[in-house]
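These are my notebook entries on a single protein chain. I record what I looked up, entry by entry.

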Amino acid sequence: MATDKKKSILREGFLVKRGHLVHNWKARWFVLMPDKLLYYKYEGGKRDSCQRGKILLKDCEITCPFLEHENRPLVFKLQTKNGVDHFLEACSREERDDWAADITAAVDKLQTSGGEKATNQEDPSESQLNNINLSKVLDSMYDVHSGIKMSNHVEQGNTYSNCFSGSAVVDWLVFMQLALTRVEAMTLASALLEEGFLRTIGLKSVEALRTAGLSEQFMDDSTALYSFSDSLKKRGSVKAETSLSAVELSGKVIKRGYLLKQGHRRKNWKVRLFVLRSEPAFLHYFDPTKDDISPAGGFSLRGCLISSLNDNGVPSGVKGNIQGNLFKIITQSDTHYFIQAPTHQDKMDWIDAIREQT
């Protein structure tokens, strides 16, 4: 019976879910089945055997991306047929879009098996961009309340204020239904760039503008930066500042994902969003339950030692009955970090990625 259930699992992994009554965010382990999405609590480095809740997928509506939570650009929304909203956050845009695509496929399959056929579907080849008014798009983007959010971004040691990333623009255009797909949104953003409504900020977007064709001038990339044209009335001027923390966060993102980390003082286990960067090589971790965009901690990988821990028994230094998928990082200052991955394959992938940077 357990084997049959395992075979019917379409996808599983960590997502951060907003509570219904108290609107706080908690990391949960989600399991996508053909007709429902189950979620479990992780405590003490282990998943609860009893599920904390389930979301029935029949007639669900998925909104991806969902951009109404400030400082949380990786959220998507599920609305059940009873009108209940569930807000879920992934660790990356790729993970968010993959989860949304798999859930959408499950919902569509339920529709088909129920004998219902979609009607009056638009031909995806018929783009709505032909008659779009770029000035109105710009006005919407520039709106203080519903427009694109401007914030600080780091590139190669410089912190640029009052700008936004290329992927944030694409997310916003799709969310506002000004474009049907991400490809269509990139074409629209490239037109805004070509007309001088937007401008490039930093080296990556400048290089893309210089070398790419018209349709590829704008980058759907979280590290390519843009802002509004200087000719517009400024909501804030772009400034570049350099700081030590900016240098730490300026490297190229190599890998990101949810892992469990043992605390140094209380020795309790918490889900954290880990981000691995190169040049300079740093590993930072964030508290996914908070809206703070600054890391909760991090360290340089220079001189670090990383080792896989034996799955048999509880390793020395680990509190509780924690077994499986553990690895340890010892920093140059002799600080020990104990980390648990969701699966053995995840553990080996993280170890290999970190070793390449040490």
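I take a contact to mean heavy atoms within 4.5 Å. I note at the start that the model is predicted.

**Entry 1. The chain as a whole**

I counted the secondary structure first and found eight helices and 21 strands in the protein chain. I then looked up burial: of the 358 residues in the chain, 44% are buried. For contacts between residues at least 6 apart in sequence, I found that 54% join residues at least 24 apart.

**Entry 2. Helix α4**

I asked how many residues of α4 are buried. Ten of its ten residues are, so the helix is largely enclosed by the rest of the structure. The buried set in α4 includes Gly166, Ser167 and Asp171, as well as Trp172 and Phe175.

I next looked for what covers these residues. The cover includes the strands β7 (61-63), β11 (158-165) and β13 (225-228), together with the helices α2 (93-113), α3 and α5. Just after α4, I noted that Gln177 takes a positive phi of about 60 degrees.

**Entry 3. The packing of α3 against α4**

Two packed helices are described by the angle between their axes and the distance between the axes. For α3 (residues 134-142) and α4 (residues 166-175), I read an angle of about 105 degrees and axes 12 Å apart. Angles of 65 to 115 degrees count as roughly perpendicular, and α3 and α4 are therefore roughly perpendicular to each other.

I listed the residues that meet. From α3 they are Val137, Ser140 and Met141, and from α4 they are Val169, Trp172 and Leu173. Sorted by class, this contact of α3 with α4 has five nonpolar residues, one polar residue and no charged residues.

**Entry 4. The packing of α3 against α5**

I made the same check on α3 with α5 (residues 182-194), where the angle is about 95 degrees and the axes lie 11 Å apart. That makes α3 roughly perpendicular to α5. On the α3 side the contact is made by Leu134, Val137 and Met141, and on the α5 side by Leu188, Ala191 and Leu192. By class I found six nonpolar residues here, with no polar and no charged ones.

I noted that Val137 and Met141 of α3 appear in the contact with α4 and again in the contact with α5.

**Entry 5. Arg256**

I located Arg256 in strand β15 (residues 252-262). Is Arg256 buried, partly exposed or exposed? Its relative accessible area is 33%, so I entered Arg256 as partly exposed.

Leaving aside neighbours within four places in sequence, I found Arg256 in contact with Leu74, Cys91, Ser92, Leu273, Phe274, Val275 and Trp350. One of these, Val275, is 19 residues from Arg256 in sequence, and the two are 4.4 Å apart in space, C-alpha to C-alpha. The side chain of Arg256 also reaches the backbone oxygen of Cys91, at 2.5 Å.

**Entry 6. Cysteines**

I asked how many disulfides the structure holds. The structure holds zero. I looked up the accessibility of two cysteines. Cys60 is at 7% relative accessibility and so counts as buried. Cys304, at 8%, counts as buried too.

**Entry 7. Backbone details in the loops**

I searched for cis peptide bonds. One joins Cys64 and Pro65, with omega about 0 degrees, and Pro65 lies in the loop between β7 and β8 (75-79). Another runs from Glu279 to Pro280, with omega near 5 degrees. I placed Pro280 in the loop between β16 (269-278) and β17 (282-286).

Glu279 has a further feature: a positive phi of about 50 degrees, although the residue is not a glycine. With a relative accessible area of 74%, Glu279 is exposed.

Asp59, also a residue other than glycine, has a positive phi near 65 degrees. I found Asp59 in the loop between β6 (53-56) and β7. At 28% relative accessibility, Asp59 counts as partly exposed.

Technical notes: Residues numbered from 1 in each chain as written. Predicted model: local features only at pLDDT ≥ 70, side-chain atom pairs only at ≥ 80, totals over all residues. Heavy atoms only, no water. Helix = DSSP H or I, 4+ residues; strand = E, 2+ residues; numbered from the N terminus. Buried < 20%, exposed > 50% of the residue type's maximum accessible area, 1.4 Å probe, protein only. Polar contact = N/O pair within 3.5 Å; in protein donor to acceptor, adjacent residues only side chain to side chain. Axes fitted to C-alpha atoms, helices over the stretch in contact; angles between N-to-C directions. Parallel < 35°, antiparallel > 145°, perpendicular 65-115°, else oblique. Nonpolar A, V, L, I, M, F, W, Y, C, P; charged D, E, K, R; others polar. Disulfide = S-S within 2.5 Å.
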